[in-house]
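I opened my notebook beside the structure and wrote down what I looked up, entry by entry. Come along and check each one against the view.

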Amino acid sequence: MSDLPSALGIEAVELVSDGGRSVAVRVTGRWRRRRPELRGQAMLVVETGTVRQRFVAMPEPPSLIGAAPGTWRLSFTVPAELALQLAGKTFLQLGAVIVPLPVGEVVEAPAGDGSRPELLEPPGPELLDARQLRSSELAAESARRRAAEAEAALAELTAQAGEIEDGLARAREESDRLRDEIAERERRLRSSEQHLHAECVRRSEVEQALTEKTRAARHDLRVLHEHVADLERELGRMRRAVDEAEHLAAAAEARRADAERRLAERPPPAPEPAPASKPPPSEPPTEPPPSEPPPSVDANRARVIATEFALAQAVPARPPTATPAPRIQSARAADRQALRRESAMIGHRLVEHRTAALERELAEARHELADARRDLADARRELERQRLLNERAYDAIDHVRGELARLGGDAPAQQAARAPAPPAPVQAEKLSAALARLRETTPEAPEAPAAAEEPPAPAPTGQPAPHPRPAKPWLGKAFRTLAGRDASSAGRLLLALLPAQRVADPHPVVYDLVLGDLATARVTVSSASAEVDLGDAPRPLSEVDFQLVGDLASMARLLAAGPVRRRLGRLAPRHPVARIRGDRSRFRALEHLIDAPLTLGQLRAAGVRLDPVLAMTVAALMIEPDWTAGERFTIGHRVQDAASPDAYLHVRDGKPSLASAEPPHGPVTSVLVCPADEVLDGLAGTTPARLEGEERPLALLRQWLDRAQSG
């Protein structure tokens with residue numbers, strides 16, 4: 001109510017006597033400005049010596065309250081003995097403000113009984129004229145004040161109208177600028193759509209060429225395999241024939257040496273003339289035994305050649321006129337029988353060698369069949385990967401079309417007024433860069449299952465099986481829960497997760513986290529690498545996609561909040577959220593970082609390092625309270641040379657697990673000894689760590705963490 005005295009204009013003060021013991025004081029005025037809000041009851045203050053007497057305003061009936069617009073009137077009743085003291089000592093009190101009242105002089109009447117002065121009634125014509133003149137002067141003065149106030153208000157309104165016109169001109173300029181910017185973005189989107197279409201066409205052509213080359217390569221490979229198999233079979237046959245010939249030659253040489261030795265040891269026989277009419281005795285039949293297996297054609301040829309050579313070497317040359325003795329003929333027959341038995345044994349050995357060779361060929365054929373099945377499985381995986389690439393390309397096309405529809409959804413009149421811009425020419429380097437980004441954003445195709453004939457290879461003993469890809473994004477739930485409990489710790493977790501930005505979302509993005517005047521986290525993700533550094537000042541807004549301005553707690557609240565909370569978060573002074581400068585649509589990169597389905601091993605491979613307390617906090621958030629029913633223990637961590645642990649994880653029998661840096665009141669069940677930046681990996685079992693204490697709590701904790709990641 002500081003503006004009440006200036007807004008309150010008093011025009012007249014009237015004293016009306018009813019002939020009794022009281023006098024009515026009527027105060028009339030006008031509001032000079034807008035009527036302020038009055039608090040408290042209006043009172044009339046009269047000073048009598050050192051004492052102030054207050055009188056409350058009398059309520060008037062509705063018939064008497066009616067007054068001109070903008071005016072007001074108050075009535076008070078005071079004792080008649082105070083009538084002579086009203087001049088110069090009367091004030092109007094409205095709340096905490098006191099305004100003096102211009103009360104005129106009171107004419108004193110002669111004393112009646114000497115008890116008190118009385119007012120003259122009725123007043124004379126001169127007094128009435130004086131009062132009317134005073135009221136006229138007050139009314140003229142009030143009119144002049146109202147005119148001056150009206151002129152001041154008019155000047156103020158004129159200035160405001162000028163400011164509004166300037167603001168309207170600026171708004172029109174901003175509207176034209178935004179319209180031009182939207183047109184430029186539409187042109188860029190149209191060019192991107194053309195590039196994407198060209199990439200899809202090129203991808204289909206490359207896939208078709210790859211399919212044809214794969215088919216031709218498989219055909220050539222199959223022909224080469226068959227040719228190699230034929231050559232190997234022919235080489236095996238030749239080797240077997242050579243081996244058989246060598247064995248036969250060695251056996252014949254041995255038999256020849258034996259025959260020569262026996263002939264040398266025998267005494268020369270006496271000469272006996274043979275009758276001329278008697279023909280020489282015929283040689284005994286030399287049929288092979290019935291149990292001899294039928295040799296192959298090459299083996300027969302080699303054996304015949306070797307046998308003839310052995311016989312020629314074993315029998316010495318005789319004069320043509322000499323006739324061999326019967327004992328010599330019997331020795332030759334025995335040698336032939338021995339050679340035949342030796343040939344039969346060699347045939348059996350040849351059959352065994354051939355059987356072994358056939359078994360080797362069968363094993364080689366099985367290996368070739370396994371190789372063919374592996375090639376078929378690789379081809380299936382390649383086809384599945386190409387199918388996923390096509391699906392991702394179509395999803396990217398739908399996303400671009402959605403962005404075009406969103407940006408092109410303005411008023412029809414503006415669309416008709418806006419002239420269509422010609423499409424930008426397609427540039428080869430931009431097309432190649434877009435193709436590289438699209439390949440990076442496409443996930444690897446899952447491997448096709450192996451053929452039914454091939455059993456899966458067992459995992460090596462003592463080595464854990466590879467961790468499967470998580471079925472649910474556990475990190476987003478843990479981050480939002482931590483942001484609700486401790487926003488500062490959630491901000492520190494966000495700062496530690498920045499090295500995994502490219503793993504979570506491979507799209508190129510450049511942004512700054514402005515933490516104050518002296519610290520800025522600058523993130524740059526390109527198609528080939530990711531870089532995170534801490535600088536003193538942020539980069540210009542034209543060089544980044546967006547900037548997040550605030551402290552770590554406000555950034556965590558912004559990521560954990562919904563769309564409405566992000567828009568209205570600045571209106572909450574107790575829990576503010578960070579501000580986004582630049583392209584708000586690129587802020588989704590941070591959302592993808594929080595919601596990415598990454599395992600703890602993938603986070604460590606990306607370069608994410610957490611301090612011991614924050615690592616224990618993340619582990620506690622990953623554990624569901626229902627999993628810990630019936631379990632109560634505490635796991636601590638300390639570095640190699642430290643005397644006591646520096647972080648603790650408390651499992652509390654069905655209640656949410658807690659992490660703290662203060663030692664507990666009870667005993668510590670197990671202590672993990674590892675470097676400070678490997679606590680979370682040591683708890684999960686992805687890196688080796690030394691354990692002091694019981695092993696069962698750590699085994700349970702690792703099962704829970706694996707369950708939280710794999711779903």
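**Entry 1: Leu658 and its surroundings**

I began with Leu658, which has its place in strand S15. The model is a predicted one, so I kept that in mind for every entry. Buried or partly exposed, I asked of Leu658? With a relative accessibility of 38%, Leu658 counts as partly exposed.

Next I looked up what Leu658 touches, not counting residues up to four places away in sequence. The list reads Ala620, Tyr648, Leu649, His650 and Arg652. I also took the spacing to Tyr648: the two residues are 10 apart in sequence, and their C-alpha atoms are 8.3 Å apart in space.

**Entry 2: the strands around S14**

From S15 I moved to its partner, S14 (647-652). S14 and S15 run antiparallel and are joined by 4 bridges. In that pairing, Tyr648 stands opposite Ser660 in S15.

S14 also pairs with strand S13 (residues 632-638), in the antiparallel sense over 6 bridges. There, Gly636 has Tyr648 in S14 as its bridge partner. I noted Tyr648 twice, then: it bridges to Gly636 and stands opposite Ser660.

How many of the 6 residues of S14 are buried? I found 5, so S14 is largely enclosed by the rest of the structure.

**Entry 3: the turn at Asp653**

Then I followed the chain from S14 into S15 (655-660) and stopped at Asp653, in the loop between the two strands. Asp653 is not a glycine, yet its phi is positive, at about 55 degrees. The hairpin of S14 and S15 has 2 residues between the strands, and Asp653 takes its positive phi there. Asp653 is partly exposed, with a relative accessible area of 37%.

**Entry 4: helix H15**

Ala620 had turned up among the contacts of Leu658, so I looked up its helix, because Ala620 is listed with the buried residues of H15. H15 spans residues 612-622 and is mostly covered, with 10 of its 11 residues buried. Among the buried ones I listed Pro612, Leu614, Met616, Val618 and Met622.

**Entry 5: a three-stranded sheet**

I turned to another set of strands. Here 3 strands form an open sheet in the order S1-S2-S5, with antiparallel pairing. Which strands lie at the edges? They are S1 and S5, each of which pairs on one side only. From one strand to the next, the twist averages 20 degrees.

I then went through the pairings:

- Strand S1 (residues 8-17) pairs with strand S2 (residues 22-31) in the antiparallel sense over 9 bridges.
- Leu15 stands opposite Val25 in S2.
- S2 pairs with strand S5 (residues 71-79), again in the antiparallel sense, over 9 bridges.
- Gly29 stands opposite Trp72 in S5.
- Thr28 has Arg73 in S5 as its bridge partner.

As a reminder to myself, in a regular strand the side chains alternate between the two faces of the sheet.

**Entry 6: where H8 meets H13**

For a helix pair I chose helix H8 (residues 474-485) and helix H13 (residues 588-595). Their axes are 6 Å apart, and the packing angle is about 105 degrees. The range for roughly perpendicular is 65 to 115 degrees, and H8 and H13 therefore count as roughly perpendicular to each other.

Which residues meet there? On the H8 side I noted Leu475, Gly476, Phe479 and Arg480, and on the H13 side Leu593, Ile594 and Asp595. By class, this contact has 4 nonpolar, 1 polar and 2 charged residues.

**Entry 7: Thr520**

Thr520 lies in strand S9 (residues 520-525). Its relative accessibility is 0%, so Thr520 counts as buried. Setting aside its neighbours within four places in sequence, I found Thr520 in contact with Asp512, Leu513 and Val514, and also with Asp533, Leu534, Gly535, Asp536, Ala537 and Pro538.

**Entry 8: the chain as a whole**

Last, I stepped back to the totals. The protein chain has 17 helices and 17 strands. Of its 711 residues, 30% are buried. The chain exposes about 44500 Å², and carbon and sulfur atoms supply 56% of that area. Among contacts with a separation of 6 or more, 67% come from residues 24 or more positions apart.

Conventions. Residues are numbered from 1 along each chain as its sequence is written. This is a predicted model: local features need pLDDT of at least 70, side-chain atom pairs count only at pLDDT 80 or more; totals for chains, interfaces and linings use all residues. Side-chain values use heavy atoms; hydrogens and water are left out. Buried means under 20% relative accessible area, exposed over 50%, partly exposed in between (1.4 Å probe, protein chains only). Contact means heavy atoms within 4.5 Å. Accessible areas come from the Shrake-Rupley method with a 1.4 Å probe; for residues, only the protein chains shown count as cover. Axes are lines fitted to C-alpha atoms, for helices over the stretch in contact, and angles run from 0 to 180 degrees between N-to-C directions. Angles under 35 degrees count as roughly parallel, over 145 as roughly antiparallel, 65 to 115 as roughly perpendicular and the rest as oblique. Ala, Val, Leu, Ile, Met, Phe, Trp, Tyr, Cys and Pro count as nonpolar, Asp, Glu, Lys and Arg as charged, and the others, Gly among them, as polar. Two strands pair if DSSP finds at least two bridges between them.
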